[in-house]
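Notebook open. I want to look up how two neighbouring parts of one chain meet.

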Amino acid sequence: MTTVDHLRQVRLGNLRTVLLALVDRPGSRADLAARTGLTKATLSNLTEPLLAGGILVEEPATLVGMGRPSKPLRFHPAGPVAVGAEINVSHLAVETLGLDGETLERRLVPADMRKATADEVLDRIAGLIHEVTAGSERRLLGAGLAIPGVVHDGVIVRAPNLPELVGTRLAEGLGERTGLDIQLDNEANLAALAHLWPRHLAGEDFVHVTADVGIGAGVVLSGEVYRGVSGFAGELGHVVIERNGILCTCGSRGCVERYAGLDVILREAGRRRLDSLRKALEAGDQKAVDAARKAGEALGVGIATLMNLFDVPTVVLGGSYAVLYDHLRKAVQSEMDGRVLAGGERHSRLLASPLGEFAVVRGAAGLITRRAVQQPERLFA
C-alpha cells in the first residue's frame, strides 16, 4: 500500500467514526472531538466536505453553560435517503429512511404473492418505490430488498411459500426497473437488523421472530446478525416440533409454521384478516382465544429450541406476532420457561417489537444507510 492509499484509508476511517457518532446523536465539533478522540482541526477538515455536499448541516449557535456558543452538527434534513422494499407472502411494503434513522415515507399494501411470477412481483414493488420517491429531490443511496427465503450469491435458493421466485435474481431485476443499486437479503435477518441499526432496541444478543404464512427468526449475537455458513441460520419455521406431524411446504413434517403460522391461526380462529382476528381476541371470542393459545404453545417450543442452541437472553416478537403479542405472550412464555435450560431464576425475556409489522422494510432501508455510514466514500459517489 502506498502512502497516498494509507492516508486515504485513515481519512475514510475517521469519516466513519464521525458519521457513527452523529448517528448516535448530533453534536458540536467540541462534543464530537470528545466522543471520537479526534482533534478539532481534524473534525473541521472532515466535516467541511460533508457540509458542502448537503450531507450534514450546522445549526445556529446556542449557548450551553459557560464558554463559547455551540454549533451542533447533524444530518441534513434534505440529505440522501435509502429505500427499503419488502416482498412477503401476503403483502408488499416500501419505506424511505434518512441517515439519521428518520422514516420519511412508508407504504404497506396487502397482496397475495404466493403464485406471482418474478416479473409481476418486481413490477409492483418498483411501482411502490416510484410512489414514495416521486417528486423528491433527495439523492437515493440505493435500496434494500427483503424476501422470505434464503439468498446465496444474489440468487433465491429457497422460498417455500414463494416458489415462483426460486432461482431468480430479484436484485438485478429491480435495479433495471428503478436504476438503483439493490441489496437483497432474507427478511428475518433484516427485521433483526432494524433492532440494531441505527438504535439498539433489544440489546446485543437476542432472537427476533416474525410471522406471515411462514415464520422467520433473525439471530443476533454480540451485536451482529448471525447468518450461518450458507445463510440458513434462523429458519425457525422449519424447526420440527412433531416428528410425524403435519406435512409442510418444505417437504418435512411437523414444522413450527404448520402450527403457529399466521394463516394457521386465522384458519383455526375462523377469521380471514389479522385486524379481524385481533378484534375477535380483544372481544374474548373463544375460538380465536383457543387458536392463539395453541399457536403460542407451538411457537414457544420452537423458540425454546433456538434459545437452547444460541443461549440468548431475549426474544422479540415482531410482525403479526407483535400485533397479537398480548394474546400469545402467556403461552409462549410458559413453554420457554419450562424448556429453556438457562432458565431457572433468570427467566428468558419476551418482548413485543416496537417496530411491529414495519421492522422488515425498515431493516431493508437500514441495510443501505448503515452501508453508507460504514463506507463513507459512497456518500460522495
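I started with the distance: the C-alpha centres of domain 2 and domain 3 are 24 Å apart. This is a predicted model, so I noted that local features need pLDDT of at least 70, that side-chain atom pairs count only at pLDDT 80 or more, and that totals for chains, interfaces and linings use all residues. Residues are numbered from 1 along each chain as its sequence is written, and side-chain values use heavy atoms, with hydrogens and water left out.

I checked the bounds next. The assignment splits the chain into domain 1 (3-75), domain 2 (81-193 + 359-379) and domain 3 (202-354); such bounds come from an automatic or database domain assignment.

Then the interface. I find 23 residues of domain 2 in contact with 24 of domain 3 (heavy atoms within 4.5 Å). About 1,600 Å² is buried between domain 2 and domain 3, with 52% from carbon and sulfur atoms (accessible area, 1.4 Å probe, lost by the two parts on being put together, summed over both).

I looked for charge pairs and got one salt bridge between domain 2 and domain 3 (a side-chain nitrogen of Lys or Arg within 4 Å of a carboxyl oxygen of Asp or Glu). I also looked up Asp-185 and Arg-227: their side chains form a salt bridge at 2.7 Å, N to O.

Last, I asked what lies on the side of domain 2 that touches domain 3. By class, I read 11 nonpolar, seven polar and five charged residues there (Ala, Val, Leu, Ile, Met, Phe, Trp, Tyr, Cys and Pro are nonpolar, Asp, Glu, Lys and Arg charged, the others, Gly among them, polar).
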